[in-house]
Amino acid sequence: MNKKEIIKRDNVVVKFVGDSGDGMQLTGTLFSDTSALDGNDIATFPDYPAEIRAPHNTVAGVSGFQVHIGKRIYSSGDEADVLVAMNPASLISNLKWVKRGGIIIIDADTFTEEAIAKAGYTSSPLNDESLAQNYHFIKAPVTSMTTEAVKDIFTDRKSAEKCRNMFALGMIFFIFGKSLEHTDAYLEKKFKKNPAVVEANKAVIRAGFNFCENTDVLEAQIQVETAEITKGKYRNITGNIATAWGLLAAAEKAGLKLFLGSYPITPATDILVELAKHKSLGARVFQAEDEIAGICSAIGASFAGSLACTSTSGPGLSLKSEAIGLAVMTELPLVIVDVQRGGPSTGLPTKTEQSDLSQALFGRNGEAPCIVLAASSSANCFDWAFEAARLALEHMTPCILLTDGYLGNGSQLFRIPKMADLPTIHPPFAKENDPEYMPYKRDMETLVRQWAIPGMEGLRHRIGGLEKSDGKGAVSTDNANHQLMTDYRKKKVERIANRIPDQKVMGADNAELLVVGWGGTQGALKLAVQEMQEEGKSVAFTHFNYIMPLPKNTGEMLKRYKKIVVCELNMGQFVNYLRMNFEGINFHQYNKVQGLPFVVSELKERFNQILEEK
Amino acid sequence: MAIEHSSVELTRADFASDQMVKWCPGCGDHSILASVLGVFPKIGYKKENFCMVSGIGCSSRFPYYVNTYGFHSIHGRAAAIATGIKISNPNLSVWINSGDGDATAIGGNHFIHLIRRNMDVNYILFNNEIYGLTKGQYSPTTKQGQITKTSPFGVIDYPFNPGELVIGARGTFFARAVDNQPKTLTEVCEKMAEHDGTSVVEVLQNCVIFNNGTHSAITDKEVRDDRQLWLKHGEPMLFGKNREKGIILKGTSLEVVTLGSESGITEKDILIHDETTENTGIHMMLAQMRPPHFPMAFGVIRAYKQPTYKQLFEKQMQDAQKDAKICCVEDLLNSGETWEV
């Protein structure tokens, strides 16, 4: 047995890539869960193709799972310190994401002439000397050693090869000195009815582990720092599950039934899938016949007194536009979750983007303002879903919550809140048999109307999409009344600014450059700014979650800075919204629409460039 | 769980609204409204437990004219909105008012899925075979060949027969009535209210302005007896002024026969109507009948008992809550793998 040297690292990025069906998502999840249990901070991001099973061994069929572990983790990380590539196609498509000097582990058995050609290589990468020079390139015979490890359990090759991912996982576990305990327990539970599968997978993990320990493929093991985070109880959570749970929490805090009307759409489906499980919590979940029925059923449920929600992605939001207008007009509470993806049209269903902002703000007929919020990490999807529900319910208006594919599918450590610490939500219910009740009578401070639910005595009334008279709510085409009601609907949303916190800045008030972001890009932006601040650069950072209305101090805050750069994964939708609201400010932009999150290096390069400009 | 009844006896005045009814004079909608206002007190639910939902179109103004909770929504979506209302609060009596365009064109998808699920709502489909509110364009039920504003050379489309559509979508209740025959219209509305599940009534309704007389070959007083077959469960399918005509099953088809010594056919030979059978064969054939070769079938064509969406949904909710390990959000947050830092 070789005693290995131990290298200490603050954080590392490990990326598992292979053919769809190679089990990379599971491998990555087991590694991140193990790391979290071991005390590391974590963030993960799955990167999978739109096809369920694209042709074998092609670049189109490559599926990946990235894990970022360490001391303080804001995002799933940029370049990989370690890449595990299970076939040639996954190596060719991911090599560009590996750090110089990083570790690359390949399954050498899969690098057949045919597979190499299918991946698009003109010559075998196994003989490429630059790989060995630039990386710690480990050509492990993963398939043959896996088959060997299970030869007494499985006689057929197919069953044996299904365990290949566990060999790679075993190798990674050795490299990072991780315990196999969690994975053993997972396998025992998952394959309870099939002990042979449990035994085989356990044997293969150990084979991978021992392969690294007993050979000289590695000289050192890596010890990653444990998390420096607030004490508390934690779990790992994806953005979509956090969103679903935030809605459940809000319903409980409002004392209402939760209703979700939704239609499956990538990458938002998991919200529907998650809530469908929770009938025991009273979640009334309806899988509708289409996107329009999803939101319309939610509007019906809202009229009937539920915390009503619908979840979707960009194309679905387009289909829901007319109905959002109905919710604006009828002034009913409604949460619309848009897990954004690459667009337009079907676009890039499995890739992330922030290009639905304009649609959320303006994509309706008529003057139809509604609240727009954006979550900024997988874990805080919980908080922002809760806040979306709170504002919708207390202000009787639809609220669009923007998350994205990166947040929704990615996962993070989540500090479990205590329900008692969350605020109680107070919807403005009408009182039964109130002789003064009128459907459009408003609280003149907030301009919020009262909520009278069918079944309540003495409050029968009719609402609808036609303009209503102030107060009484009868159908009205009166000119002055339409102006008045339009003003009310606008001011009602604007006045929410009085009830939300001021926008905060990380960094000095007089910094040379203010970096502005919103939504799902927070992790990379924050890290980039932090690194530059540590390098002595005069940079500050502010990140928006309240989009409509903006925090009250936004204009005053922006005016403090000489240079401002607004970074977003679209062609400039937020910056144009800021330009519209705050005249006379010169905004720089950094935009990207490649279906990928920002990477820290590209951000720093752009920020430095702006700092150097006269 | 059931819809709460009123502790006092209600009258139609309890449901009359103070809104001015703005349908055209002579419009068939007036008599449908009168029938519904007469039926609601008879059903006996608390007046707060009725909820009217509509989309867009002349008929969709209906909720404004009934003093209940009401929702006048957007074109075609009444079924989806009603679905959300009913799932959210199963203890409401939910009624949809819709026209042929609203229900079978822009709202066609919601219409068939509402029926497929057997959602527990009552659906009155006002069929005037025209778009009235937009002033006279052909709808999915307009007769082939008809000249309208958007079919100056005649409609090419084959029309929908709402009855076929309902039964084809696994409907459990379908009935037909006529706007100018209020007594039978009221009877049909009472029966639809009694049925558990999606109850659809197609009312042949006359649009005096844009499609006047479209149903007159069936509904005019002079022709009614020979062109209308009023079905009654358990009774033979007889029609005609002296009930001298009837329907028999010949091979796999229906046929009109005349009773009497000449034909040798007696009442015993006539088909007996069974609205409750699961088999849709006869129901479908009855829904398809139209002049000139057949009378049109009215009354309850199909009323098949099958668990409703509400029953199945509430059972799942109860079952899930019975043995639940996760009973509040705090339980959920702390379920599965967690650890202290």
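**View 1. Y234(A) meets its bridge partner in strand 12 of chain B.** In this predicted model, Y234(A) is matched up with W339(B) as its bridge partner. Zoom out a little and you see the strands involved: strand 9 of chain A and strand 12 of chain B, the latter covering residues 339–340, pair in the antiparallel sense over 2 bridges.

**View 2. Here is where chain A touches chain B.** The contact draws 56 residues from chain A and 49 residues from chain B. On the chain A side, several helices supply at least two residues each, including helix 1 (24–37), helix 10 (239–254) and helix 13 (314–330). Strands chip in at least two residues each as well, among them strand 9 (233–238), strand 10 (258–262), strand 11 (284–287) and strand 17 (462–464). Helix 12 (291–303) is on the list too, and helix 12 of chain A gives the most, with 9 residues. Sort the chain A side by class and you get 31 nonpolar, 11 polar and 14 charged residues.

**View 3. Chain A splits into four stretches, domains 1 to 4.** Going along the chain, domain 1 runs over 5–224 and domain 2 over 238–421. After those come domain 3 at 428–499 and domain 4 at 513–612.

**View 4. Domain 3 of chain A touches domain 4 of chain A.** The C-alpha centres of these two domains sit 38 Å apart. Their contact takes 4 residues from domain 3 of chain A and 5 residues from domain 4 of chain A. What classes turn up on the side of domain 3 that touches domain 4? That side has 3 nonpolar and 1 charged residues, with no polar ones.

Methods: Residues are numbered from 1 along each chain as its sequence is written. Chains are lettered from A and ligands numbered from 1 in the order in which they are written. This is a predicted model: local features need pLDDT of at least 70, side-chain atom pairs count only at pLDDT 80 or more; totals for chains, interfaces and linings use all residues. Domain bounds come from an automatic or database domain assignment. Two residues are in contact if their C-beta atoms, placed from the backbone, lie within 7 Å. Ala, Val, Leu, Ile, Met, Phe, Trp, Tyr, Cys and Pro count as nonpolar, Asp, Glu, Lys and Arg as charged, and the others, Gly among them, as polar. Helices (H or I, at least four residues) and strands (E, at least two) are DSSP runs, numbered from the N terminus. Two strands pair if DSSP finds at least two bridges between them.
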